[in-house]
Amino acid sequence: MSSENATAGNQRVGALLGLMLFIASAYFYQDPEWNGNSRLNLTRAIVEQGTLTIDDYHDAEGWATGDKAFFGGHHYSDKAIGSSLLAAPVYFVLLKVSVAL
C-alpha cells in the first residue's frame with residue numbers, strides 16, 4: 001500500500017470518527033438532567049457491562065438520575081430503550097478509541 005493510500009485511509013477513518021462523535025454529542029447533549037442521564041446510563045451499562053441494569057450509574061456524581069425503576073433488587077432506566085441502543089455502537093467505538101489513546 002502506498003503512503004498516499006494510507007494517508008487517504010487515515011483521513012477517512014478520522015473523518016468518520018469525528019462525524020460519529022459529533023452525532024453522538026449533538027443527539028445526547030443537554031444539561032445534566034434526569035432524562036438524558038437515564039438514557040446515557042443505560043447506554044453505558046449496555047456497552048461497558050453488557051447489562052440493562054444501571055445499578056453502577058444511577059447515583060454516580062454527574063450521572064445521577066431519578067428517572068429510574070427499581071425491580072428485583074436492580075435499578076433500570078424508565079426510558080424506552082431505542083435511543084440507548086442506537087447510541088451503543090457509537091459509544092462502543094468512542095470508548096475503544098479513547099482507551100487505545
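**Exercise 1. Decide whether Arg44 counts as buried or exposed in this predicted model, and describe its surroundings.**

*Solution.* The relative accessibility of Arg44 is 15%, and because buried means under 20% relative accessible area, Arg44 counts as buried. The next step is to place the residue along the chain: Arg44 belongs to helix H2, which covers residues 34–49. When the neighbours within four places in sequence are set aside, the residues in contact with Arg44 are Gln49, Tyr57, Trp63 and Tyr91.

**Exercise 2. Find which residue Arg44 pairs with in a salt bridge, and work out how the two are placed relative to each other.**

*Solution.* The partner is Glu48, and the closest N and O atoms of this salt bridge are 3.5 Å apart, which is within the 4 Å that the definition of a salt bridge asks for. Both residues lie in helix H2, where they are four residues apart, or about one turn of the helix. To compare their surroundings, take the accessibility of each in turn: Glu48, at 34%, counts as partly exposed, whereas Arg44, at 15%, counts as buried.

**Exercise 3. Explain what the salt bridge between Asp67 and Lys79 ties together.**

*Solution.* Begin with the pair itself, in which the closest N and O atoms of Asp67 and Lys79 are 3.1 Å apart. Asp67 sits in the loop between H2 and strand S1 (68–71), while Lys79 sits in the loop between strand S2 (74–77) and helix H3 (82–100), so the salt bridge ties together parts that are 12 residues apart in sequence. As for accessibility, Asp67 counts as buried at 16%, and Lys79 counts as partly exposed at 23%.

**Exercise 4. Determine which residues are joined into one network by salt bridges that share partners, and state how many salt bridges the model has.**

*Solution.* Lys79 also forms a salt bridge with Asp78, and here the closest N and O atoms are 3.8 Å apart. Asp78 has a relative accessible area of 42%, and is therefore partly exposed. Since salt bridges that share partners are linked, Asp67, Asp78 and Lys79 form one network. The count for the model comes to three salt bridges: Glu48 with Arg44, Asp67 with Lys79, and Asp78 with Lys79.

Technical notes: Residues are numbered from 1 along each chain as its sequence is written. This is a predicted model: local features need pLDDT of at least 70, side-chain atom pairs count only at pLDDT 80 or more; totals for chains, interfaces and linings use all residues. Side-chain values use heavy atoms; hydrogens and water are left out. Buried means under 20% relative accessible area, exposed over 50%, partly exposed in between (1.4 Å probe, protein chains only). Contact means heavy atoms within 4.5 Å. A salt bridge is a side-chain nitrogen of Lys or Arg within 4 Å of a carboxyl oxygen of Asp or Glu.
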